[in-house]
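Here is a walk through one protein model, from its core outward. Keep the structure open while reading.

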Amino acid sequence: MMKSKYFVLLIILVQLVSCQNKNTTECPEEGFCISNKKLFYNQKPLALGMPIEKFIEAVGKYDRKIEHSIGGEIYKEWYWKKQKYEAYTSKGKITFRLKENEYKEYSNIEEIIKKYGKYDSTNVEKVATDISTFYVWDKLGFNVWVDKGMVEQINISPIHKTKMFELKQSDEEILAKGLLLDGSEPTDEEKKNYNAIMARQPKSEFKGNITYNGNTADFSKIGYKDWQKAVSSLKIAGSDFDPPGDSEGWSRWIKEDYELYVTLKRFNNKNGGLDTPNKKKVSDIDGVESIEIWRHKNYDK
């Protein structure tokens, strides 16, 4: 009787080991890997929503921690009841609406009062300050967005942002060239946000492996013109991996689980743009701009 119990226990242990191996057998020893709807790094299990401390234990020490605030500004509105005028703060100025599709910009409310008379009522709202926290692995080529101590998104960068967007370093120049499509100079807040985006970019480009269900894309061998090579290596060219809408040529979506999505974004500088560096600087590019590992967060929790 005892022997049979030991035999059953042995079978259970073998099955447990077999299940654990099954989760990682399709994953190479290095890189990010999605296998059996689970996420791994260097064969170590990861999960979106895990504490950042546990993520660091699995991945290794980060190089930098970046925090920046968004919001905190005061938003004001003014109303002229009889004339049905209204004004509101916008980009450091005040936009005044005369008619449904007629707008004018003023530097301050006093200019409007002098021309159109005193307003009847006003509304003041303070936009809450949102602190965004990113942990950056410069040498590995990715950063992680953390909210309330939990990992929410992993951003992998095969192409550095400076090869896709102009970057200027001084306030005397337009730091966010092309960020405003109307060609106007950005506000201090827009410059701040632009610089914050650039600050959290890893200094090195990602040169590791991305594996999906046994298919590996080795980014040490995938260059700036290899969008199609990356897609075919991962075998995600079919309609099952089309993103929402009509932009299937510009991204691929791996939809494993409500808690595990992967988006590959494409960058092509063929036609250029206001914010795209001159091709003489960076040559032709048609590659993987970024790989974002994310989840549909439940904000009610």
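Of the 39 residues in the largest nonpolar core, which touch the most other members? They are Phe 32, Phe 55 and Ile 154. Before following them, note that this is a predicted model.

Start with the overall picture. The protein has 6 helices and 17 strands. Buried residues make up 40% of its 301 residues. The exposed surface comes to about 18200 Å², and carbon and sulfur atoms supply 51% of that area. Take the contacts between residues at least 6 apart in sequence: 56% of them join residues at least 24 apart.

Now return to the core. In soluble globular proteins, nonpolar side chains tend to be buried together. Here the largest nonpolar core has 39 residues. Helix H2, residues 52-59, gives this core its largest share, 5 residues. A second core of 11 residues is separate; among its members are Trp 80, Tyr 106, Ile 112 and Tyr 116.

Ile 154 is a good place to look around the larger core. Residues up to four places away in sequence are set aside here. Ile 154 then touches Phe 32, Leu 39, Leu 48, Phe 55 and Phe 142, among others. Its contacts also include Asn 143, Val 144, Ile 291, Glu 292 and Ile 293. Phe 32 and Phe 55 thus appear both in this list and among the residues with the most core partners.

Next comes H2 itself. Its buried residues are Ile 52, Phe 55, Ile 56, Ala 58 and Val 59. These residues lie on the same side of H2, because they cover an arc of only 160° around the axis. The face turned away from that buried side carries exposed Glu 53 and Glu 57. What does the buried side of H2 pack against? Its partners are strands S2 (38-41), S3 (44-46), S10 (130-137), S11 (142-147) and S12. Just after the helix, Gly 60 takes a positive phi of about 115°.

Strand S12, residues 150-156, also holds a polar residue, Asn 155. Is Asn 155 buried or exposed? Its relative accessible area is 14%, so Asn 155 counts as buried. Its side chain makes two polar contacts with other side chains. One is with Asn 143, at 2.8 Å. Another is with Gln 153, at 2.7 Å. Leaving aside neighbours within four places in sequence, Asn 155 is in contact with Phe 134, Gly 141, Phe 142, Asn 143, Trp 145, Ile 291 and Glu 292. Several names here are familiar from Ile 154, including Phe 142, Asn 143, Ile 291 and Glu 292.

Move on to helix H3, residues 109-116. Its residues Ile 109, Ile 112 and Tyr 116 are buried. They sit on the same side of H3, since their arc around the axis is only 60°. Ile 112 and Tyr 116 belong to the second core. Exposed Glu 110, Lys 114 and Lys 115 are on the face turned away from the buried side. The cover over the buried residues of H3 includes strands S5 (74-80), S6 (85-90), S7 (93-99) and S8 (102-106).

Both ends of H3 deserve a look. Asn 108 caps the N-terminal end: one of its side-chain oxygens lies 3.2 Å from the backbone nitrogen of Glu 110. Gly 117 follows the helix, and its phi is positive, near 95°.

Positive phi also turns up outside glycine. Most residues other than glycine have a negative phi, and most peptide bonds are trans. Asn 213 has a positive phi, near 50°. Its place is the loop between strand S13 (209-212) and strand S14 (215-218). Asn 213 is partly exposed, at 31% relative accessible area. Lys 235 has a positive phi too, near 60°. This lysine is in the loop between helix H5 (227-234) and strand S15 (251-257). At 58% relative accessibility, Lys 235 counts as exposed.

Finally, look at the covalent link. How many disulfides does a search of the whole structure find? The search finds 1. The bond joins Cys 27 to Cys 33, with an S to S distance of 2.1 Å. Both Cys 27 and Cys 33 are buried. The torsion about the S-S bond is about -80°, so this disulfide is left-handed.

Terms used. Residues are numbered from 1 along each chain as its sequence is written. This is a predicted model: local features need pLDDT of at least 70, side-chain atom pairs count only at pLDDT 80 or more; totals for chains, interfaces and linings use all residues. Side-chain values use heavy atoms; hydrogens and water are left out. A disulfide is a pair of cysteine sulfur atoms within 2.5 Å. Buried means under 20% relative accessible area, exposed over 50%, partly exposed in between (1.4 Å probe, protein chains only). Helices (H or I, at least four residues) and strands (E, at least two) are DSSP runs, numbered from the N terminus. Contact means heavy atoms within 4.5 Å. Accessible areas come from the Shrake-Rupley method with a 1.4 Å probe; for residues, only the protein chains shown count as cover. A polar contact is a pair of N or O atoms within 3.5 Å; within protein, one must be able to donate a hydrogen and the other to accept it, and residues adjacent in sequence count only if both atoms are side-chain atoms. A nonpolar core is a set of buried Ala, Val, Leu, Ile, Met, Phe, Trp, Tyr and Cys residues joined through side-chain atoms within 4.5 Å. The arc is that of the directions from the helix axis to the C-beta atoms.
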